[in-house]
Amino acid sequence: MAILKIARMGHPVLLQQAEHIPDPTLPELRRLVRDMAETMLDAGGIGLAAPQVHLPLRLFIWRNGEQVAALFNPVLTPLGEELETAWEGCLSIPGLRGAVTRPRRITFTGLDAEGEPVEGEAEGIAARVMQHETDHLNGLLYPMRMTDFTRFGFVEELARTQEQKR
Ligand code: NI
């Protein structure tokens, strides 16, 4: 296991279109998922996409309760019309938070770490994390989704003015 270096906004890998992964069960990908999990937990994140550790591959992990789950080649589809605005942060943009509007519910498909097809529905924070991480696979960072830059700032300042609400 190893803690990997996280790319920060400005690194070109974060702007790339990540590549499809034909076989999630390759040993080097299993090791990558373990290392990404260790990296995410060390950094206090709730999600991490492979491009954030300098690998432009279609893979992300996220905290699913006590577990860390991995999704390869995710395809997300909004479910319904409902949108929700909430604060987001990103390990590639340390110290900042911004309010981002996204679909509240989604369906997702992809492959799990065993290479088995998975599909499901998610809403609220889980749907938000999955959308944020899938954006990383398409070269998008959350500020690119923002429309109201009055709700963008440093965590410490936002906490001071009590503006950080869900
Ligand atoms: Ni992020």
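Reader: Which residue in E5 is the bridge partner of Glu-84?

Author: In this predicted model, the bridge partner of Glu-84 is Arg-102 in E5. This bridge belongs to the antiparallel pairing of E4 with E5, which are joined by six bridges.

Reader: What makes E4 and E5 a pair of strands?

Author: Two strands count as a pair if at least two bridges are found between them, and E4 and E5 are joined by six; the pairing therefore meets the criterion. The two strands belong to an open sheet of three, in the order E4-E5-E8 and with antiparallel pairing.

Reader: Why are E4 and E8 said to stand at the edges?

Author: E4 and strand E8 (152-154) each have a single partner strand, so one side of each is left without a neighbour in the sheet. From one strand to the next, the twist averages 25°.

Reader: What is the order of the strands in the open sheet of five?

Author: The order is E1-E2-E3-E6-E7, and the pairing is antiparallel. Here the edges are taken by E1 and strand E7 (117-123), each of which has a single partner strand, so that one side of each has no neighbour in the sheet. Neighbouring strands of this sheet are turned against each other by 40° on average, with direction ignored.

Reader: How many bridges support the pairing of E2 with E3, and how many join E3 to E6?

Author: E2 and E3 pair in the antiparallel sense over six bridges, while five bridges join E3 to E6, which also run antiparallel. Both counts satisfy the requirement of at least two bridges, and both are therefore called pairs. Across from E2, Ile-61 stands opposite Ala-70 in E3 and Trp-62 stands opposite Ala-69 in E3, whereas Phe-72 has Leu-111 in E6 as its bridge partner. In the hairpin of E2 and E3, where two residues lie between the strands, Gly-65 takes a positive phi near 65°.

Reader: Which residues touch the most other members of the largest nonpolar core?

Author: Met-36, Leu-59, Ile-61 and Phe-72 do so, in a core of 15 residues. Helix H1 (27-43), strand E2 (59-64) and strand E3 (67-78) each supply at least two residues of this core, and the largest share, six residues, comes from H1. A second, separate core of 13 residues includes Ala-18, Ala-49, Val-129 and Leu-137.

Reader: With which residues is Phe-72 in contact, leaving aside its neighbours within four places in sequence?

Author: Phe-72 is in contact with Ile-21, Pro-24, Leu-29, Val-33, Arg-58, Leu-59, Gly-110, Leu-111, Asp-112 and Ala-113. One of these, Leu-111, is also the bridge partner of Phe-72 in E6.

Reader: How do you know what span is expected for H1?

Author: The expected span is 1.5 Å times one less than the number of residues. For the 17 residues of H1 this gives 24 Å, and the helix reaches 24 Å from its first C-alpha to its last. H1 lies across E1, E2 and E3, running at about 50° to E2, and its buried residues pack against strand E1 (47-49), E2 and E3. Among those buried residues are Leu-29, Val-33, Met-36 and Met-40. Just after H1, Gly-44 takes a positive phi of about 75°.

Reader: Why is H2 described as largely enclosed by the rest of the structure?

Author: The description rests on burial: 12 of the 14 residues of H2 are buried, so the helix is largely enclosed by the rest of the structure. The buried residues include Val-129, His-132, His-136 and Leu-137. H2 lies across E1, E2, E3, strand E6 (105-111) and E7, at about 160° to E2, and it is followed by Gly-139, whose phi is positive, near 75°.

Reader: What are the protein donors of the nickel ion, and why is Cys-90 called buried?

Author: The protein donors are Cys-90 (SG), His-132 (NE2) and His-136 (NE2), lying 2.1 to 2.2 Å from the nickel ion. These distances fall within the 2.8 Å cut-off, and the three atoms therefore qualify as donors. Along the chain their spacing is C-x41-H-x3-H. Cys-90 lies in the loop between strand E4 (83-88) and strand E5 (96-103), and His-132, 42 residues apart from it, lies in helix H2 (residues 124-137), so this pair links distant parts of the chain. Buried means under 20% relative accessible area; Cys-90 has 7% and is therefore called buried, and His-132, also at 7%, counts as buried on the same criterion.

Conventions: Residues are numbered from 1 along each chain as its sequence is written. This is a predicted model: local features need pLDDT of at least 70, side-chain atom pairs count only at pLDDT 80 or more; totals for chains, interfaces and linings use all residues. Side-chain values use heavy atoms; hydrogens and water are left out. Donors are N, O and S atoms within 2.8 Å of the metal (3.2 Å for Na, K and Ca); water is not among the atoms, so sites may look incomplete. Helices (H or I, at least four residues) and strands (E, at least two) are DSSP runs, numbered from the N terminus. Buried means under 20% relative accessible area, exposed over 50%, partly exposed in between (1.4 Å probe, protein chains only). A nonpolar core is a set of buried Ala, Val, Leu, Ile, Met, Phe, Trp, Tyr and Cys residues joined through side-chain atoms within 4.5 Å. Contact means heavy atoms within 4.5 Å. Axes are lines fitted to C-alpha atoms, for helices over the stretch in contact, and angles run from 0 to 180 degrees between N-to-C directions.
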